[in-house]
Amino acid sequence: MHKIMFSAGEVSGDMHGANLALALKKIEPDIRMFGFGGTMMQQAGVELAADMAQYSVMGFYEVLLNLRRLVKLRNKLGALMEREKPDVLVLIDYPDFNWRLASIANKLKIPVFSYIPPSAWAWRKGRAKKVAKMADMIAAIFPFEMAVYEKAGANIEFVGNPLVETVRASMQKENAYKYFSIDGTKKNILLLPGSRRQEIKSILPVMLKAAQLFATKNGNAVFHMVAAQNIEVQELHKMTLKYGLKINFHKDKLYDLMKICDIAFATSGTVVLEAALMGLPSVVLYRMSRVTYYIAKMFVSVQFFSLPNILAGKGIIPELLQNKVTPENIVAAADSLIQNGRAKNNEMLESIRYKLGKPGVSARTAELIIKTADGRFTQA
């Protein structure tokens, strides 16, 4: 029986970890899985030593503020690793924390498997060599991740993107309109404020001001908001009260909702790619602390920051970063998408799907994890 230790610190990582756990159980029903993750991983059979809901932070400044707690978590997981001696440590994204955990695994001679490796293709390219040295196997979910890691000498495979097998509607459009009580003749706008509280605090207020402005210009606009897995609907509802907007809140059937809305105002992240795969164009927004932004500017060298645009190699959806995130700019970008029409937007977004690989991603990745645990890969 294999023992697999996981470490995933964000909502998207929790989802991917859960899918991996289910795929691993199909290969080996009595496999033991434990570590750091969220409720989805727990429901899939992973024993949680720590819940990621308490540790979802990002950005240089934000990590510094939470450094003591993160060091305690690393030490706790390191002690667990030393005690349990797993056959492999599976790291899912969450790079600044996970690669400190990987250094402990290296000292303990525990193989390291990286699923969704650090974005060395975009910034801090020098760390690709460090990651290549620390990881026994890397599973890439985007084709553009390969070159920099191959050059660094890593064992890396493109397994495809897990979203190609999970992002799909569960009902026909007509049924979705009824389920959500949506009038298809209105302009239905989906608000996606993010899954991290610091993102929501920074972006949701300006998103709501943009919704107010859009509503004054478009009398038939209807707004919908979806709470991420780790955020309560009541929490979001409370934050929106002072804006005087009627917002329909939803917690489930996100992809069906994406299928019938016209556009989204979205905080940059995996959800933007999910929306694109459902044919829903987004006005993509991102803000970070001034300290994080100025440090990032010194290292990041990418033309786009949203995944659909990076995959397409061109600006197929509008992006607004930092000081450009204003109500006026959001509404102007939204108007442009509305004018394009759903059919034209769908055509542009469809071009990225084939770049994400074929279904069966979790099964392929699970096989790689078992091979890594068995030592059937060696460092390049």
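**Exercise 1. State the accessible surface of the chain and the share of it that belongs to carbon and sulfur atoms.**

Solution. The accessible surface of the chain comes to about 17,200 Å². Carbon and sulfur atoms hold 52% of that surface. The model is a predicted one. For the interior, the count is by residue: of the 380 residues in the chain, 54% are buried. The secondary structure consists of 18 helices and 13 strands. Among contacts with a separation of 6 or more, 68% join residues 24 or more positions apart.

**Exercise 2. Find where pLDDT stays under 50, and decide how the coordinates there should be read.**

Solution. Start with the chain average, a pLDDT of 88. A score of at least 70 is reached by 89% of the residues. Next, locate the weak stretch: over residues 58–65, pLDDT stays under 50. The model still gives this stretch 19 contacts beyond four places in sequence. Where pLDDT is low, the predicted coordinates should not be read in detail.

**Exercise 3. Determine which residues of helix H6 are buried and what they pack against.**

Solution. Helix H6 covers residues 127–134. Its buried residues are Arg127, Ala128, Val131, Ala132 and Met134. An α-helix has 3.6 residues a turn, so residues three or four places apart point the same way. The packing partners of the buried residues include two helices, H5 (95–107) and H7 (146–151). Strands S5 (112–115) and S6 (137–140) are also packed against.

**Exercise 4. Classify the aromatic pairs Phe36–Tyr94 and Phe214–Phe223.**

Solution. Searching the whole structure gives seven aromatic pairs. One of them is formed by Phe36 and Tyr94, with 6.1 Å centre to centre and 55° between the planes, and it is tilted. This pair links distant parts of the chain: Phe36 lies in strand S2 (residues 32–37), and Tyr94 in the loop between strand S4 (88–92) and H5, 58 residues apart. Both Phe36 and Tyr94 are buried.

For Phe214 and Phe223, the ring centres are 6.4 Å apart and the planes stand at 75°, so this pair is edge-to-face; the cut-off for that class is over 60 degrees. Phe214 is buried because its relative accessibility is 0%, and Phe223 is buried because its value is 2%. Finally, ring pairs connect Phe36, Tyr94 and Phe97 into a cluster.

**Exercise 5. Describe the surroundings of strand S8: its cover, its pairing with S9 and S11, and the handedness of its crossover to S9.**

Solution. Strand S8 spans residues 187–192, and five of its six residues are buried. On one pairing, five bridges join S8 to strand S9 (residues 221–226), and the two run parallel. In this pairing, Asn188 stands opposite Val222 in S9. The connection from S8 to S9 passes through helix H10 (residues 197–217), giving a β-α-β crossover that is right-handed. S8 also runs parallel to strand S11 (residues 263–267), to which four bridges join it. There, Leu190 has Ala264 as its bridge partner.

**Exercise 6. Is His16 buried or exposed, and which residues does His16 touch beyond four places in sequence?**

Solution. His16 is part of helix H1 (residues 11–27). Its relative accessibility is 5%, so His16 counts as buried; the cut-off is under 20%. Leaving out residues up to four places away in sequence, His16 touches Ile92, Tyr115, Ile116, Pro162 and Leu163.

Definitions and conventions: Residues numbered from 1 in each chain as written. Predicted model: local features only at pLDDT ≥ 70, side-chain atom pairs only at ≥ 80, totals over all residues. Heavy atoms only, no water. pLDDT = per-residue confidence, 0-100. Contact = heavy atoms within 4.5 Å. Buried < 20%, exposed > 50% of the residue type's maximum accessible area, 1.4 Å probe, protein only. Phe/Tyr/Trp six-rings, centres within 6.5 Å; stacked < 30°, edge-to-face > 60°. Areas by Shrake-Rupley, 256 points an atom, 1.4 Å probe, with all protein chains shown as cover. Pairing = 2+ DSSP bridges. Right-handed = clockwise from strand over helix to strand, strands pointing away.
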